[in-house]
Amino acid sequence: MTNNKYVLSWIDEMAAMTQPDKIVWIDGTEEQAEALRAEACSTGEIIKLNQEKLPGCYLHRTAVNDVARVEGRTFICTPTKEEAGNINNWMDPQEMYTKLKKLYTGAMKGRTMYVIPYSMGVVGSDFAKYGIELTDSIYVVLNMLIMTRVGTNVLEALGDSPDYIKGLHAKADLDEENRYIVHFPQDNTIMSVNSGYGGNVLLGKKCFALRIASYLGRKEGWMAEHMLILGLENPEGEVRYISAAFPSACGKTNLAMLIPPEAFRKKGYKVWCVGDDIAWLRVGKDGRLWAVNPENGFFGVAPGTNEHSNYNALATTRKDTIFTNVCHNLDDNTVWWEGLDENPPKNALNWRGEKWDYTKYDKSDKVGTSGAHPNSRFTAKAVNCPCISPEFNSMAGVPIDAIVFGGRRAKTAPLVYQSFNWQHGTFVGSIMASETTAAAAGAVGVVRRDPMAMRPFAGYNMGDYFKHWLDMGKNIPNPPKIFHVNWFRTDDEGHFIWPGFGDNMRVLLWILDRCAGAADAVETPIGFVPKAEDINIEGLDIDLNVMRELLTVDKASWLEDVENIKEFYKLVGDHVPAELQEELVALEARLG
Ligand code: OXD
Ligand code: MN
C-alpha cells in the first residue's frame, strides 16, 4: 500500500521481533471491516448484538484484570529524567527498549499483525498528524476505525516522509506485572504491551493525541489539550466556541453534547459538539486561537448515560457502536448499564460474562456486583451524534472565545469565575483540582491536583508545560478569555446545590457575555465572579440567595488550598515558572 521506506523498514523490524504468522494492511474499506467483524464474532472476541434494535453494534469484554488506564505503568522515556519531570514515570530509553524487546519477542506468534494507517485530524489539513499502529487485536482495529480516520489516503498524504508516529501494540499474555504503556517522544514512538483496554491500546487517543502531541506542540508552537470543544448558537444564529478541560469522569462528554433548558431551546439556543475529549489548538492568521478535535469518534463512559443525562450520547450509541464491558441482556440481545434506566435485565450476563443477579447490586462494591463495569465504554462514530457540529470536519477548525477549566470541589471553588488575564488564567489551570467522592475507593474529600486535566497526559515536564502555556499567551494576539467552573458545590448536608447538566448552559452564557464585554462582574481575590442576578435562572427552582451561596469565595478554604498548591508546586519541582510562583504569592496576599 506504500513505498515509504521508513514505514516499510520499521514494519519489517517490528515483525521480525514479534513474529506474526501474517501481516494485514487495513485499508479503511467497509468490506474489510465487515470481514474482520465476522472473524472476531467467530472467535468470540466480539458478540453481534440485536441488529434490529442496535444496527452495526457489538459487545466486547476485556480481561477482568484489564479494565482501565494504568497510570502506574505508563512511562515517558526521554533521554533525561528531568525532561519527563516528577509527575511522569520515567525510565532510560535504552533500558526500556531492552525490557520491552523481551516482552515483544515472539508475542505475535500464531497471530496476525494488522497495520493501521490513521490520521489524527482531517487528512491533508494543517492540523493533521499521521500515525501507524501495529496491533494483533481485531478489537483494536475496529475501534481505531471508529476513533480515527483510517485508510490508504493517509499513506498517500504521508508520501515518502518519515514524519509519522510509530505505535506498536501486542496483547501478549495480558500480564499485569508486565503491562507497559510507553512513550519515546524523541523517537515519535509509542509501545503498548500486555493490555487490551481502550485507553492503553487505541494509541491515537491518549498516547498520541495528548502525550506525544503535547510534546510536539511545545516544539512546534501549538497546544494539545484534554479539552472538549462546543459551539453555542444563539437565537440570531451566531455560534461561539468554548473549549473546556475537566479531569476524567467529570462530565466532559455531557457538557460537550448539552441540550439547553427548555426555555432557552424555545428561544432558539443550541449546542453543537465539536469534540468531547481532546483539542488541538493553533494560532490562526486572524490572531485568534483555533481548535480541532483530532478524533473521529467518542470513547465514552457508559454508566450514568441516559436520556436525561445525555440524550445525544445515548442516541449516538444506537448504531455502529462497540460496547466494552457493559451488561449483556440475553432476552433481547441488547446492552444495559447502571443508570441507563430503572429496569435492569432479569436474564443477563455481567461485564465479566457471568450470570448476573441484579438484586445483589451493592453500590459500595460496584466492580463486584454491577452489571456493567463502572468504566465500561461505548466507542461510537462522531457523525452519528445528533448535535455534531457542521464544523466537525473543517480544515481550519473553530475559533475559541473562552477556555474553561473545571474541577469537582465541595466548597472551595465558586460556580464560575474569570481569570484576570492569560497569565493568571494559566495559573488557574495549573491549580485545577478535584476532590475524591464516596463513589471512588479511598478517603473522601482528598484533593487531587490535576493541572489543565493533563496530569496523566502531559508528555514532558509539567513545569515546562506550564511555561509553554505562558509562551503561547504571548504569541496569541487575540487570546481566549480563561474561566473556571465548579458544578459540584454542595450544601452542609453534602447535596449538590447546582442542578448541572443542561442548566450548565446558563453559566456558559455568562462566560460568552463576558467575552463579548456584555456582562458585569465583581472583582474578588481569586478573579471576577458574576453578580448573582447576572446568571439567568429563568425556569429554575433556585433563588438569588442560593446563587449568592454558589458564588461566594470562602477565604478560609482558599487559604487552606494555597498550602496544598505550594506542596503541589514543590512536587512538580523547579521547572514551575517564576510567573506562576508570583501568581501564587499574589493570591495569598489578596486573600490575606
Ligand atoms: C478518558 C479519560 O478515557 O480521560 O477520556 O480517562
Ligand atoms: Mn479523557
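Me: In this predicted model, which polar side-chain atoms lie close to an oxygen atom of ligand 1, and how far is that of H226 from it?

Reply: For H226, a polar side-chain atom lies 3.3 Å from an oxygen atom of ligand 1, a pair that falls within the 3.5 Å cut-off for a polar contact between N or O atoms. K206 also offers a polar side-chain atom, at 2.9 Å from an oxygen atom of ligand 1, and D277 has one at 3.2 Å from an oxygen atom of the ligand. As for the surroundings as a whole, the protein covers 88% of the 210 Å² of accessible area that ligand 1 has on its own.

Me: Which residues are found around ligand 1?

Reply: The residues around ligand 1 are R69, K206, H226, S248, D277, R377 and F457, a list that holds K206, H226 and D277, which also serve as protein donors of the manganese ion (ligand 2).

Me: How should I read the metal site, and which atoms are the protein donors of the manganese ion?

Reply: One reads such a site from the N, O and S atoms within 2.8 Å of the metal, bearing in mind that water is not among the atoms, so the site may look incomplete. Here the protein donors of ligand 2 are NZ of K206, NE2 of H226 and OD of D277, lying 2.1 to 2.2 Å from the manganese ion. Along the chain these donors follow the spacing K-x19-H-x50-D. H226 and D277 link distant parts of the chain, for H226 sits in the loop between β11 (223-225) and β12 (227-233), while D277 sits in the loop between β14 (270-275) and β15 (279-283), 51 residues apart.

Me: Are H226 and D277 buried or exposed?

Reply: The relative accessible area of H226 is 1%, so this residue is buried, and D277 is likewise buried, with a relative accessible area of 8%.

Me: How do I read a salt bridge, and what does D277 pair with?

Reply: Side chains of opposite charge can pair when their charged atoms come close. In this model the side chains of K252 and D277 meet in a salt bridge, at 3.1 Å from N to O. This pair links distant parts of the chain, with K252 in helix α9 (residues 252-256) and D277 in the loop between β14 and β15, 25 residues apart. Both K252 and D277 are buried.

Me: How many salt bridges does the structure hold, and where do the residues K53 and D332 lie?

Reply: The structure holds 29 salt bridges. Among them is the one in which the side chains of K53 and D332 meet, at 3.0 Å from N to O. K53 lies in the loop between β2 and β3 (58-60) and D332 in the loop between β19 (327-329) and β20 (334-336), so this salt bridge ties together parts that are 279 residues apart in sequence. D332 is partly exposed, its relative accessible area being 22%.

Me: Where do K411 and D492 lie, and which residues are joined into one network by salt bridges that share partners?

Reply: The side chains of K411 and D492 meet in a salt bridge at 3.6 Å, N to O. K411 lies in the loop between β24 (398-406) and β25 (416-418) and D492 in the loop between β28 (481-485) and α15 (504-515), so the pair ties together parts that are 81 residues apart in sequence. K411 is partly exposed, with a relative accessible area of 33%, whereas D492 is exposed, with 73%. As for the network, salt bridges that share partners join K205, K206, K252, D277 and E295.

Me: How do I read strand pairing, and which strands pair with β24?

Reply: Strands of a sheet pair through backbone hydrogen bonds, either parallel or antiparallel. β24 pairs with strand β13 (residues 239-245) in the parallel sense over five bridges, and the partner of S243 in β24 is I403. With strand β16 (residues 289-292) the pairing of β24 is antiparallel, over two bridges, and there A291 has V398 as its bridge partner. β24 and β28 pair in the parallel sense over five bridges, with G406 facing V485 in β28 as its bridge partner. Nine of the nine residues of β24 are buried.

Me: What is the strand order in the open sheet of five strands, and which are the edge strands?

Reply: The order in this open sheet is β2-β3-β18-β23-β17, with mixed pairing. The edge strands are β2 (47-48) and β17 (297-301), each of which pairs on one side only. β17 is joined by five bridges to strand β23 (residues 377-381), and the two run antiparallel; F299 stands opposite T379 in β23.

How values were computed: Residues numbered from 1 in each chain as written. Chains lettered and ligands numbered in written order. Predicted model: local features only at pLDDT ≥ 70, side-chain atom pairs only at ≥ 80, totals over all residues. Heavy atoms only, no water. Donors = N, O, S within 2.8 Å, 3.2 Å for Na, K, Ca; no water. Helix = DSSP H or I, 4+ residues; strand = E, 2+ residues; numbered from the N terminus. Buried < 20%, exposed > 50% of the residue type's maximum accessible area, 1.4 Å probe, protein only. Pairing = 2+ DSSP bridges. Salt bridge = Lys/Arg side-chain N within 4 Å of Asp/Glu carboxyl O. Near = heavy atom within 4 Å. Polar contact = N/O pair within 3.5 Å; in protein donor to acceptor, adjacent residues only side chain to side chain. Areas by Shrake-Rupley, 256 points an atom, 1.4 Å probe, with all protein chains shown as cover.
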